[in-house]
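Thank you all for coming; I would like to take a few minutes to go through one structure with you, beginning with the ligand and then moving on to the domains. Please have a look at it before I start.

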Amino acid sequence: MSLVELKNLKKEFGTIAALNDLSLDIPEGSLYGLLGPNGAGKTTTLRILSTLIEPDAGSVMIAGLDAIKHPREVRKQIGYVAQEVSIDKILTGKELLHFQGDLYHINSELRDKRIAELIKRLDMSEWIDRRAGTYSGGMKRRLDLACGLLHQPKLLVLDEPTVGLDIESRSTIWQLLEELRFQGTTILLSSHYLEEVESLADQMAIIDNGRVIAEGAPEYLKQQLGGDRVTLRVREFSNELESGKVKDLLANVEGVRQIVVNRAQGFSLNLVVDNELVIQRLQTHLNKAEIPIFAISQSRPSLDDVYLQATGRTLMDAELALVGKRDKKQESKSSMR
Ligand SMILES: Nc1ncnc2c1ncn2[C@@H]1O[C@H](COP(=O)(O)OP(=O)(O)OP(=O)(O)O)[C@@H](O)[C@H]1O
Ligand SMILES: [Mg+2]
């Protein structure tokens, strides 16, 4: 059964179409990951389903309730942890948790019990009585998460919960999310970390330009791609032009499905090939052309490959493009076979 059903959502901000006919079903009890480049529409989706903003068109059903008509009812079922941390600076963390408990009308005995549990579970006791204005990014993130969990929501919505956290804090949060799922909480999280979605999520969707472009279990999406992945490095690759020449040479080898220049890794070439035999063929071609192979490695499809297939670029490319170094979208598209 679906706990969340989003149908044909549209949302514009002025001239920007943030959501463009987005539909999504989130099964009850799942840990659902939303992956997508900056500006794809993840936060807008999460804010709509958490009833913070309304869509221009489309429907939002949460636990069988129309969230646009009954936002107050729906809000009781949801814990929302926003992307931007907006914590009061004057109050202490514990005071903020009390305040949050009162917002949700939790009786004071239960509230205090829950607060004590969360302080322990999220390892916050050392600093929870300090003013929140003095907290580090990771401390704020944990306090935010505690606020979202205080009323024991049926659905926990997390917008990039572990961004900027150290490895230890990240794994504390991952563990907590797994425990919550085990206890029956449905969790929806957005992330830029492929490994986060890969290791946590049982279902996922890739969003791009305000719509879902791939969805399913991570394993299923990887299997759908088929083929073997090969990463090839040749000594000459000191710039894109050089790797481009080798790419052209290999593009016509039988059994090569796709070649992409990976700028993030020394202009190496990422290939999708039909099977292992093709790797021998590649080596023969390179030997004939007297191009020495520096390294060649083979792997099963990863989520990054799923992402590449769905969006025409790697997640790394998408991030670089946003930094404004250059618009790689077209280039990546044209560098695909
Ligand atoms: N309040 C707003 N006013 C104007 N434009 C907005 C507003 N909120 C979102 N947008 C625009 O809508 C689009 C989708 O934004 P959204 O925040 O949903 O993306 P996102 O997938 O969460 O990205 P990120 O990974 O960077 O957090 C972007 O182009 C963004 O600039
Ligand atoms: Mg966002």
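Around ligand 1, in what I should say at once is a predicted model, the surrounding residues are Phe13, Ile16, Ala18, Gly36, Asn38, Gly39, Ala40, Gly41, Lys42, Thr43, Thr44 and Gln83. Two elements, strand S2, which covers 16-27, and helix H1, which covers 42-49, each give two or more residues to that shell, and H1 gives the most, with 3 residues. If we sort the shell around ligand 1 by residue character, we find 7 polar residues, 4 nonpolar ones and 1 charged one.

Let me turn now to the domains. The protein is divided into domain 1, which spans 2-216, and domain 2, which spans 223-334, and the centres of the two, taken over C-alpha atoms, are separated by 36 Å.

How many residues of each domain are in contact with the other? On the domain 1 side there are 11, and these meet 9 residues of domain 2. As for which parts of domain 1 touch domain 2, two or more residues come from each of helix H7 (194-200), strand S9 (203-208) and strand S10 (211-216), with H7 supplying the largest share, 3 residues. The character of this side of domain 1 is 7 nonpolar residues, together with 2 polar and 2 charged ones.

So, to put the two sites next to each other, H1 gives the most to the shell around ligand 1, while H7 gives the largest share of the side of domain 1 that touches domain 2.

How values were computed
Residues numbered from 1 in each chain as written. Chains lettered and ligands numbered in written order. Predicted model: local features only at pLDDT ≥ 70, side-chain atom pairs only at ≥ 80, totals over all residues. Near = placed C-beta within 6 Å. Helix = DSSP H or I, 4+ residues; strand = E, 2+ residues; numbered from the N terminus. Nonpolar A, V, L, I, M, F, W, Y, C, P; charged D, E, K, R; others polar. Domains from an automatic or database assignment. Contact = placed C-beta atoms within 7 Å.
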